[in-house]
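I opened this notebook to keep track of what I looked up, one entry at a time. The entries follow the order in which I went through the model.

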Amino acid sequence: MQPRSGWWQSDDALARVLCDLIAAEGRRLRVSLRLPPGPWPRETAMETLGFDSLDRIALAAAVSALLHMHESGLVDSMQSAPGFGAWCDAARAALDRVHARLSFSTSGSTGAPRSCTHALADLEAESDEHAALLGATPGTRIARILSAVPAHHIYGFLFTVLLPSRLDVPVLDIRPLSPGAVAACCRPGDLIVAYPELWSAIARGAPAGWPPRVTGVTSTAPCPAGTARALTAAGLHRLLEIHGASETAGLGWRDDPAAPYSLFAHWRRLSDDRLGRPGSDTATAMPDRVDWCGPRAYRVRARHDGAVQVGGVNVWPDRVRDLLCRHPDVAAATVRLMNEVEGRRLKAFVVPAAHVTDLAALRDALEALAATLSSADQPRAWRFGPVLPSTTMGKAADWTIDDPETAPVRSPSG
């Protein structure tokens, strides 16, 4: 199947993809880098954004990796381009030549990012299904897409680049808005593309009542059922949950938190943990453990790789635990994701070594150690005790951060 869209011919779409990718890569290169909101004007010089010649080499490599510019033979034209507009022109020229595949990067939080290559034609087939799903209820027509997600990640690319191209609707970046202001900026027929943590904040802060036919989409992690129900009870027309991963793109959908996911039509079930595309013999592994409820319906249990989502970013609690356990004053530790009430950040339970007498000093040392990680990886609540929490059967157990009986020691920022 050949791709049919020329999404890169849209100045807005291409600029948003490149701006988000360059900003993300720039922050990876320089953690303290502060960039102006994008998309940037065409005349913006890369030097004024804070990038020197070595930075531009790394940035050009990141753009080439996503767009496969190296296959066009034009990648060097971007590295030497003086301004943002020239970078967009170089990317468009390369995509005019070669555009059959895209490679999206996983977050790489506390681990090496992985490149996940997808055929553009496969992504377009999924986008067609999104368009059909979002027009499946009477009176529904998408007027605008309000985006709270980066366009260079696969979720953002599907819903804020390919979908608006398919529907011929404008895209508005709502990332600068507070959660409470999102509902206020909506118009009838808007589609909001966001992630569970933001939806939970919107549900807490938005006034009762939404304009007619405002629909939401959520992905990157399970959306708490209470959040979904609160939003629709307040008047959100519909909240569509997409299950998938960078490695697979979208796999299934649901618009009822009590229902199983329905497998997208462009997938077929090969086994309990393998899927395939019609007409292809290639098997794709499910990223999560699932329970099948029928030929094309399933419920998600947990990720195979142990990752959880914090603010739309993959983090691995076991890797954070291993870092804490390398401290000489720590005998054992466990790290978990907070529940919805606690705040959906990481929390840590630490068993101090036998010689430790100053828990406050240990907490300060562990916070300093965790500060070397990304913000999403840093535990925001700390508890210390003589043994790790466990059930009566001796299995690992969760704990609540505000249990008064064990006097938690908390981070000031938690």
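At what angle do helix 1 (residues 11-29) and helix 6 (residues 154-167) pack? I began here, keeping in mind that this is a predicted model, and I found an angle of about 165°, with the two axes 10 Å apart. Since an angle over 145 degrees counts as roughly antiparallel, I noted helix 1 and helix 6 as roughly antiparallel to each other. Their crossing is right-handed. I then listed who makes the contact: Ala-13, Arg-16 and Val-17 come from helix 1, while Phe-157, Thr-160 and Val-161 come from helix 6. Sorted by class, the contact of helix 1 with helix 6 has four nonpolar residues, one polar and one charged.

**Entry: the segment before helix 1**

I next looked up Trp-7, which is found in the segment before helix 1. Is Trp-7 buried or exposed? I found a relative accessibility of 2%, so Trp-7 counts as buried. Setting aside neighbours within four places in sequence, I wrote down the contacts of Trp-7, and they include Ala-13, Val-17, Phe-157 and Val-161, residues I had already met where helix 1 and helix 6 touch. Leu-14, Leu-67, Leu-95, Leu-102, Leu-120 and Leu-162 are also in contact with Trp-7. I checked one distance as well: the C-alpha atoms of Trp-7 and Leu-163 are separated by 9.8 Å, although their positions lie 156 residues apart along the chain.

**Entry: a second pair of helices**

How do helix 8 (residues 196-205) and helix 9 (residues 225-233) cross? I found that their axes come within 9 Å of each other and cross at roughly 45°, which makes helix 8 oblique to helix 9. Helix 8 passes helix 9 in a left-handed crossing. On the side of helix 8 the contact is made by Trp-199, Ser-200, Ile-202 and Ala-203, and on the side of helix 9 by Thr-227, Ala-230 and Leu-231. I sorted the residues of this contact too, and they divide into five nonpolar and two polar, with no charged residue.

**Entry: salt bridges**

Side chains of opposite charge can pair when their charged atoms come close. How many salt bridges does the count come to? I have 23 salt bridges in my notes, and I followed a few of them.

Glu-247 forms a salt bridge with Arg-114, in which the closest N and O atoms are 2.2 Å apart. Glu-247 lies in the loop between strand 7 (238-245) and strand 8 (249-254), and Arg-114 in the loop between strand 1 (101-105) and strand 2 (115-119), so this pair ties together parts that are 133 residues apart in sequence. I noted Glu-247 as partly exposed at 33% relative accessibility, and Arg-114 as partly exposed at 37%.

The side chains of Arg-56 and Glu-47 also meet in a salt bridge, at 3.1 Å from N to O. Here Arg-56 is buried, with a relative accessible area of 16%, whereas Glu-47 counts as partly exposed at 46% relative accessibility.

Asp-322 and Arg-321 meet through their side chains in a salt bridge of 2.9 Å, N to O. Asp-322 counts as partly exposed at 35% relative accessibility, and Arg-321 is partly exposed with a relative accessible area of 26%. I also recorded one network, in which salt bridges that share partners join Asp-11, Arg-42, Asp-89 and Arg-92.

**Entry: backbone exceptions**

Most residues other than glycine have a negative phi, and most peptide bonds are trans. I looked for departures from this, and noted that a cis peptide bond joins Gly-38 and Pro-39, with omega about -10°. Pro-39 has its place in the loop between helix 1 and helix 2 (53-67).

His-68, which is not a glycine, has a positive phi of about 60°; His-68 sits in the loop between helix 2 and helix 3 (75-79), and counts as buried at 5% relative accessibility. Arg-213 has a positive phi near 60°, and is found in the loop between helix 8 and strand 6 (215-218). Arg-213 is partly exposed, with a relative accessible area of 35%.

**Entry: the chain as a whole**

Last, I looked up totals for the chain, which has eleven helices and 19 strands. Buried residues make up 49% of its 414 residues. Of the contacts with a separation of 6 or more, 59% are between residues 24 or more positions apart.

Methods:
Residues are numbered from 1 along each chain as its sequence is written. This is a predicted model: local features need pLDDT of at least 70, side-chain atom pairs count only at pLDDT 80 or more; totals for chains, interfaces and linings use all residues. Side-chain values use heavy atoms; hydrogens and water are left out. Axes are lines fitted to C-alpha atoms, for helices over the stretch in contact, and angles run from 0 to 180 degrees between N-to-C directions. Helices (H or I, at least four residues) and strands (E, at least two) are DSSP runs, numbered from the N terminus. Angles under 35 degrees count as roughly parallel, over 145 as roughly antiparallel, 65 to 115 as roughly perpendicular and the rest as oblique. A crossing is left-handed if the near helix is turned anticlockwise from the far one by less than a right angle, and right-handed if clockwise. Contact means heavy atoms within 4.5 Å. Ala, Val, Leu, Ile, Met, Phe, Trp, Tyr, Cys and Pro count as nonpolar, Asp, Glu, Lys and Arg as charged, and the others, Gly among them, as polar. A salt bridge is a side-chain nitrogen of Lys or Arg within 4 Å of a carboxyl oxygen of Asp or Glu. Buried means under 20% relative accessible area, exposed over 50%, partly exposed in between (1.4 Å probe, protein chains only).
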